[in-house]
Amino acid sequence: MDETEFWELIDDSRQAAEGDAEEQADLLVERLLDCDPELVLDFARHFESRYNRAYRWDLWGAAWVLLDGASDDAFDFFRCWLIGQGREVFEGALHDPDSLADLLEDFDEEIDGDGEELGYAADEAYEQLTGTVAPDLGLPPAPAEPEGTPVDFEDDQVLARRYPRLWARFRE
């Protein structure tokens, strides 16, 4: 599975689920069950590598503003959700986290921003296909700390300056 096929699966499942992350995860599992186990592992590698790329302080700050706070677990689930939003939103957020204010048409902090189940879709499909737990993906280990300069999440002025569009849309 190449990168284009990965993003097509993400986009198709998101559209079919009408933005519901849990439904999207279920649809991904269904679609991955039609694949060879090696393709499922390829999907998992693509997902995991993007998940690790998004482990950045600037993106965590954006999640903090969007979600009105984001613990370690909440940020993990946010990164899964962000991947589930598709290539344009994902890459746009990595390029400029504040651009999420423009990239996200609708955002309901009660239901959006949490894609925990998306992170398990490939593992679930692989286990159903093979009856075994997915092997190690052979990727470099996840970073111990987020990339970049830490953000003071408790300082509203810092957040408002660093993420002016997100702050204006979601906090003012």
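These notebook entries record what I looked up in a predicted model.

**Basis.** I number residues from 1 along each chain as its sequence is written, and side-chain values use heavy atoms, with hydrogens and water left out. In this predicted model, local features need pLDDT of at least 70 and side-chain atom pairs count only at pLDDT 80 or more, while totals for chains, interfaces and linings use all residues.

**Helices α3 and α8.** I looked up how α3 (residues 37-53) meets α8 (residues 121-130); helices are DSSP runs of H or I, at least four residues, numbered from the N terminus. Their axes, lines fitted to C-alpha atoms over the stretch in contact, come within 9 Å and cross at roughly 165°. The angle runs from 0 to 180 degrees between N-to-C directions, and over 145 counts as roughly antiparallel; α3 and α8 are therefore roughly antiparallel to each other. I noted P37, V40, L41, F43 and A44 of α3 in contact (heavy atoms within 4.5 Å) with A122, A125, Y126, L129 and T130 of α8.

**Core.** I then turned to the largest nonpolar core, a set of buried Ala, Val, Leu, Ile, Met, Phe, Trp, Tyr and Cys residues joined through side-chain atoms within 4.5 Å. This core has 55 residues, and F43 and L66 are among those with the most contacts inside it. Its largest share, nine residues, comes from helix α4 (residues 57-67).

**A63.** I found A63 in helix α4. A63 counts as buried (under 20% relative accessible area, 1.4 Å probe, protein chains only) because its relative accessibility is 0%. Beyond neighbours within four places in sequence, A63 is in contact with D68, G69, A70, F75 and F78.

How values were computed. Helix = DSSP H or I, 4+ residues; strand = E, 2+ residues; numbered from the N terminus. Parallel < 35°, antiparallel > 145°, perpendicular 65-115°, else oblique. Buried < 20%, exposed > 50% of the residue type's maximum accessible area, 1.4 Å probe, protein only.
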